[in-house]
Amino acid sequence: MNRAEDTNAPTIRAAGCVLWRRSPRPPGLELCLVHRPKYDDWSHPKGKLMPGEDPLAGALREVAEETGYAAAPGAELPTVRYLADGRPKEVRYWAAAATTGAFTPSDEVDRILWLDPAAAGARLTQPRDRSLVDALLATLGPA
């Protein structure tokens with residue numbers, strides 16, 4: 001079996017949020033994407049859970065660590081599953097409204113962008129992350 005197909009390995013557990021805030025510009029909503037220089041990609045804030053960590057608590061911790069923002073969690077969004085370095089990975093996501101905070105660049109995340117949903121969907125590196133934008137919009141309903 002090659003490493004890319006090692007689905008018998010323990011599943012990597014992770015969690016994150018589709019972080020959003022209201023905007024005075026149409027369509028009235030902005031999503032936060034993070035840039036990770038290690039992978040040179042744009043994604044939703046997320047990360048691996050610590051042993052025994054509650055997934056929602058881990059998602060909010062990761063948002064704070066990667067973006068500098070506290071967040072008020074909303075509805076759970078679809079779970080995303082894929083192979084990462086040959087191991088199965090499962091990422092649970094929540095909608096989360098940004099509350100207070102400010103971004104400070106780090107080695108893990110060097111930039112964030114606040115984009116309208118269409119621009120955010122276009123900027124996301126992984127197609128699997130784009131469905132989360134639609135899920136968030138369906139959860140929030142009309143602005």
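Here is a short walk through this structure, from its nonpolar interior to its main pocket. Keep in mind along the way that the model is predicted.

Let us start inside. In soluble globular proteins, nonpolar side chains tend to be buried together. Here the largest nonpolar core holds 23 residues, and W20, L31 and L77 touch the most other members. Strand 1 (12-22), strand 2 (29-36), strand 5, strand 6 (87-101) and helix 3 each give two or more residues to this core. A second, separate core has 16 residues, C17, V34, V63 and W114 among them. For a close look at one residue, pick L31: leaving aside neighbours within four places in sequence, its contacts include V18, W20, W114, P117, V133 and L136.

Two of those partners, V133 and L136, bring us to helix 3, where they are buried along with D129, L132 and A135. Seen down the helix axis, the buried residues fall within an arc of 165°, so they line one face of helix 3. Their cover includes strands 1, 2, 3, 5 and 6, together with helix 2 (117-123). On the other side of helix 3, P127, D134 and A138 are exposed. After the helix comes G141, with a positive phi near 75°.

Finally, turn to the largest pocket, which contains about 590 Å³ of space. Of its 21 lining residues, R36, Y39, K48, Y82 and K89 lie nearest the centre. Helix 3 appears again here, as one of the elements that give two or more residues to the lining, alongside strand 3 (41-43), strand 4 (46-48), helix 1 (55-67) and strand 5 (69-84). What is the lining made of: nonpolar, polar or charged residues? It has 13 charged residues, five nonpolar and three polar.

Terms used. Residues numbered from 1 in each chain as written. Predicted model: local features only at pLDDT ≥ 70, side-chain atom pairs only at ≥ 80, totals over all residues. Heavy atoms only, no water. 1 Å grid on protein atoms, 1.4 Å probe; cavity = no way out; pocket = protein on both sides within 12 Å on 5 of 7 lines; lining within 4 Å. Points joined across faces, edges and corners; volume = space filled by probe spheres on them. Helix = DSSP H or I, 4+ residues; strand = E, 2+ residues; numbered from the N terminus. Nonpolar A, V, L, I, M, F, W, Y, C, P; charged D, E, K, R; others polar. Core = buried A, V, L, I, M, F, W, Y, C linked by side-chain atoms within 4.5 Å. Buried < 20%, exposed > 50% of the residue type's maximum accessible area, 1.4 Å probe, protein only. Contact = heavy atoms within 4.5 Å. Arc of directions from axis to C-beta.
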